[in-house]
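Reader: I would like to learn how to read a few features of a protein model, taking them one after another. Could you take me through them, giving the general idea before the case at hand?

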Amino acid sequence: QVQLVESGGGLVQTGGSLRLSCAASGSIASTNVMGWYRQAPGKQRELVATITTHHTTKYFDSNQGRFTISRDDAKNTVYLQMNSLKPEDTAVYYCNLAFLLPDYTSHNYWGQGTQVTVSS
């Protein structure tokens with residue numbers, strides 16, 4: 001089983017910064033994708049950013065330039081550095097881990113979520 005434990009959310013003023021962390025533990029394939037998604041009240045969950053084990057990154061358009069995703073493979077931890085935060089960034093942020101096993105079964109795991117609130 002895989003567990004994802006997030007930390008780093010909180011309340012910040014417009015223009016401020018936060019750094020989210022997500023530590024993964026358990027049976028994790030050596031090739032995987034870790035990422036961050038967010039869900040604001042009344043809205044669907046949306047992609048924020050992902051990073052592969054080859055450190056290839058992908059960002060949702062509006063986040064690129066303000067957010068930076070990174071990972072420490074030795075710690076199975078993914079980070080999201082968020083700068084120049086805006087009120088519209090307010091949401092619950094979820095960590096995600098996905099991988100494909102040699103038998104072609106896909107595995108997708110979610111963290112419990114961490115609240116980010118940006119005040120105006």
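Author: What follows is a conversation about the pocket, the charged pairs, the aromatic rings and some backbone details. This is a predicted model, in which local features need pLDDT of at least 70 and side-chain atom pairs count only at pLDDT 80 or more, while totals for chains, interfaces and linings use all residues. Residues are numbered from 1 along each chain as its sequence is written, and side-chain values use heavy atoms, with hydrogens and water left out.

Reader: How much space lies in the largest pocket, and which residues are the closest to its centre?

Author: Rolling a probe the size of a water molecule over the atoms shows where empty space is left. On a 1 Å grid over the protein atoms alone, a cavity is a set of points where a 1.4 Å probe fits but cannot get out, whereas a pocket is an open set with protein on both sides within 12 Å along at least five of seven lines, and lining residues have an atom within 4 Å of a point. Grid points are joined across faces, edges and corners, and the volume is the space filled by probe spheres set on the points. Here the largest pocket holds about 180 Å³ of space. It is lined by 13 residues, of which Arg-38, Lys-43, Glu-46, Glu-88 and Asp-89 are the closest to the centre.

Reader: How do the residues of that lining divide into nonpolar, polar and charged?

Author: The lining of the largest pocket has seven charged, four polar and two nonpolar residues, where Ala, Val, Leu, Ile, Met, Phe, Trp, Tyr, Cys and Pro count as nonpolar, Asp, Glu, Lys and Arg as charged, and the others, Gly among them, as polar.

Reader: How many salt bridges does the structure hold, and which residues are linked in a network?

Author: Side chains of opposite charge can pair when their charged atoms come close. The criterion is a side-chain nitrogen of Lys or Arg within 4 Å of a carboxyl oxygen of Asp or Glu, and the structure holds four such salt bridges. In one of them, Arg-38 pairs with Asp-89, with 3.0 Å between the closest N and O atoms. This pair links distant parts of the chain, since Arg-38 is in strand β4 (residues 33-39) and Asp-89 is in the loop between β8 (77-82) and β9 (91-100), 51 residues apart. Strands (E, at least two residues) and helices (H or I, at least four) are DSSP runs, numbered from the N terminus. Asp-89 also meets Arg-66 in a salt bridge, at 2.8 Å from N to O. Arg-66 lies in the loop between β6 (57-59) and β7 (67-72), 23 residues apart from Asp-89. Arg-38, Glu-46, Arg-66 and Asp-89 are linked in a network of salt bridges.

Reader: Are the partners of Asp-89 buried or exposed?

Author: Buried means under 20% relative accessible area, exposed over 50%, and partly exposed in between (1.4 Å probe, protein chains only). Arg-38 is buried at 7%, Arg-66 is buried at 11%, and Asp-89 itself is buried at 1%. In the salt bridge of Asp-73 with Arg-71, with closest N and O atoms 2.7 Å apart, Asp-73 is partly exposed at 36%, while Arg-71 is buried at 9%.

Reader: How many aromatic pairs are there, and where does a charge sit over a ring?

Author: A pair of aromatic rings is described by the distance of the centres and the angle of the planes. Rings of Phe, Tyr and Trp (its six-membered ring) pair if their centres lie within 6.5 Å, and planes under 30 degrees apart count as stacked, over 60 as edge-to-face and the rest as tilted. The count comes to two aromatic pairs. Tyr-37 and Trp-110 form an edge-to-face pair, with 5.1 Å from centre to centre and 70° between the planes. Tyr-37 lies in strand β4 and Trp-110 in strand β10 (residues 106-110), so the pair ties together parts that are 73 residues apart in sequence. Trp-110 is partly exposed, at 35%. A charge sits over a ring if NZ of Lys or CZ of Arg is within 6 Å of the ring centre and within 35 degrees of the ring normal. The charged end of Arg-45 sits over the ring of Tyr-94, 3.7 Å from its centre, and Arg-19 lies over the face of Tyr-79, 4.0 Å from the ring centre.

Reader: Which residue other than glycine has a positive phi near 70°?

Author: That residue is Tyr-104, which is found in the loop between β9 and β10 and is exposed at 69%.
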